[in-house]
Amino acid sequence: MLTFFKTNDPYRLIGVFLLLLVIRVPMFISGVPMILPELKWLLIGERLGSDDYTMYQDVWDYTAPLAVFVYKWLFILFGKTRVPYFIISVLLVVIQAGIFNNVMLRNKAYNGSTYVPALLYMVFMNAFFDFLTLSPVLLSMTFVLLAMNNLFKRMDNQTKDELFIFTGVFLGIATLFYLPTFWYFVVTILSLVLYTGSILRRMMLLVYGFAMVVGFASLYFYWFDDYLIFQYHVLNSLWIIETIKYLNWTELTIIAAVPLLIFITSVYKVRKLGKYINFQEKIQQVMFMFFLSGFLGLMMAREVSTYQLIFFVPTVAFFVTHYLLLIKNWLVAELSVGVIIILVLYNHLAFANKWFHVDRFVSYEPLMIRESSYEKLLKDKKILVLGDEMHHYKNASLATPYLNWRLSQLQLKELKYYDNSAEVFVNFNEDLPEVIIDQEQTMPELLKKMPTISSQYIHHEGYPEIYLLKE
């Protein structure tokens, strides 16, 4: 397999695509578990695509605007289904593998021209089961790779002004897909300072390109009189709400242990055995900095799960490729790449299917969608969940803007302020939920302050936390 991809032939990307299908199609057929963030993205798309609603004003969440745009149009085109998420994910992985490989070829990052980087990028994009869906991290990575290409061009003494502007534009777009990608912007500037002789004027062109993209997004929300709530939900949420840790740091380290061990071994071998020209050494140092920016992005994320580890795939694929290309014996090289692929996929399947009681050490349960205990009451209804248990929305739709409880409680728990109570009243009146699940004891105060809404609801006889809209 490695020999096939060592050939410098663009048609090897077809091989990458076919191999990706061989890996993913059986996984799709056997069933990929749905995760809570994925359900949230489906709900966002459904609400925005089914009526004349705007994000942040009519849907309370911190998902970045360009990712929201994608989810909205996927709902408009295909409805509330996961299938297009999986298909576009496959296409994006192949496109990104091609971009990544092209970046390495054009900038002579290796001692030979090869399509092994594309192969390894694809393999590590299957390291965890939540890599298979269309996450904002995956969407943003396309533009991070394009920015990486421009950075390497500058390191190779290309100094066109548009190179800096487009780098800033790419990183701005990436940030509007997933906010923690901002750290790649910081690392790119730092890399230019450390490894190039870029003058201040050109550095400011990069900042200008980034600011232009973010400025246009801000202007869009300002035009619709939503800028303040956009700022509050997307930017201020970084420090006003608590991070949702679907997996704690120990669990994340255990799950990532196999890819991490492969990465550490590769780095050790590359630094010990490899001989590189000065420019290749600089590229390796920049890839380490990109690894750091991925770690900082993970720290910045409002939700911690394995799908954020996509940040690390380019750096891991880069060094593992270097390691495999150092192996002179073709048989050892073929066995090595085979073992790496098997280990990565086995790690994926073991944790996804709980083989060998791995769930004793790592619990994916907080991340997974489970059946609601109120399923018969909720099916095909417009509901509101006042609490973190978003799985109740699986076969239902969102009523009112209050999707994200961590943000919503800042208003719903502070009804003593007139502005809050007035906005809540309007939001409920315009879109009355058929079922309300009150896990946080919020409704008693709300109904007490709003008798016209209170008169339209009754308590469920069997479930005191449930309120039903009168028929």
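**Figure 1. The second largest cavity has a volume of about 30 Å³.** This view comes from a predicted model, as do the others below. Let's start with the walls of this little study: Asn 150, Leu 151, Arg 154, Leu 163, Phe 164, Thr 167, Thr 188, Leu 192 and Leu 206 line the second largest cavity. Which elements give two or more residues to this lining? They are α7 (136-155), α8 (161-177) and α9 (182-195). Sorted by class, the lining of the second largest cavity holds 5 nonpolar, 3 polar and 1 charged residues.

**Figure 2. The largest cavity has a volume of about 210 Å³.** How many cavities of 30 Å³ or more turn up when the whole structure is searched? The search finds 2. The largest cavity is lined by 19 residues, and those closest to its centre are Tyr 62, Thr 63, Tyr 178, Pro 180 and Arg 302. Look for two helices here: α3 (36-50) and α11 (227-240) each supply at least two residues of the lining. The largest share comes from α11, which gives 3 residues. By class, the lining of the largest cavity divides into 13 nonpolar, 3 polar and 3 charged residues.

**Figure 3. The largest pocket has a volume of about 470 Å³.** Here 19 residues form the lining, and Pro 65, Leu 66, Phe 69, Tyr 220 and Phe 221 are the closest to the centre of the pocket. Two helices, α4 (65-78) and α10 (200-223), are the elements that give two or more residues to this lining. What classes of residue line the largest pocket? There are 16 nonpolar residues, along with 1 polar and 2 charged.

**Figure 4. The second largest pocket has a volume of about 360 Å³.** Its lining is made of 18 residues, and nearest the centre you will find Ala 256, Leu 260, Phe 291, Leu 309 and Phe 312. The elements that give two or more residues to the lining are α12 (249-255), α13 (257-273), α14 (278-300) and α15 (313-326). Can you guess how many charged residues are there, and how many of the other classes? The lining of the second largest pocket has no charged residues, with 17 nonpolar and 1 polar.

**Figure 5. Helices α13 and α15 cross at roughly 50°.** You have just met both helices in the lining of the second largest pocket. Their axes come within 8 Å. How should we describe the way they lie? The crossing angle is roughly 50°, and α13 and α15 are therefore oblique to each other. The crossing in which α13 passes α15 is left-handed.

**Figure 6. An open sheet is formed by 5 strands.** Follow the strands across the sheet in the order β4-β3-β5-β7-β6, and note that the pairing is mixed. Which strands stand at the edges? They are β4 (397-398) and β6 (457-459), and each has a single partner strand, so one side of each is left without a neighbour in the sheet.

**Figure 7. Strands β6 and β7 pair in the antiparallel sense.** This closer look picks out one pair from the sheet. Strand β7 covers residues 466-469, and 3 bridges connect β7 with β6. Where in β7 is the bridge partner of Ile 458? The partner is Leu 468, so try finding these two residues in the structure above.

Definitions and conventions:
Residues are numbered from 1 along each chain as its sequence is written. This is a predicted model: local features need pLDDT of at least 70, side-chain atom pairs count only at pLDDT 80 or more; totals for chains, interfaces and linings use all residues. Side-chain values use heavy atoms; hydrogens and water are left out. On a 1 Å grid over the protein atoms alone, a cavity is a set of points where a 1.4 Å probe fits but cannot get out, and a pocket is an open set with protein on both sides within 12 Å along at least five of seven lines; lining residues have an atom within 4 Å of a point. Grid points are joined across faces, edges and corners, and a volume is the space filled by probe spheres set on the points. Helices (H or I, at least four residues) and strands (E, at least two) are DSSP runs, numbered from the N terminus. Ala, Val, Leu, Ile, Met, Phe, Trp, Tyr, Cys and Pro count as nonpolar, Asp, Glu, Lys and Arg as charged, and the others, Gly among them, as polar. Two strands pair if DSSP finds at least two bridges between them. Axes are lines fitted to C-alpha atoms, for helices over the stretch in contact, and angles run from 0 to 180 degrees between N-to-C directions. Angles under 35 degrees count as roughly parallel, over 145 as roughly antiparallel, 65 to 115 as roughly perpendicular and the rest as oblique. A crossing is left-handed if the near helix is turned anticlockwise from the far one by less than a right angle, and right-handed if clockwise.
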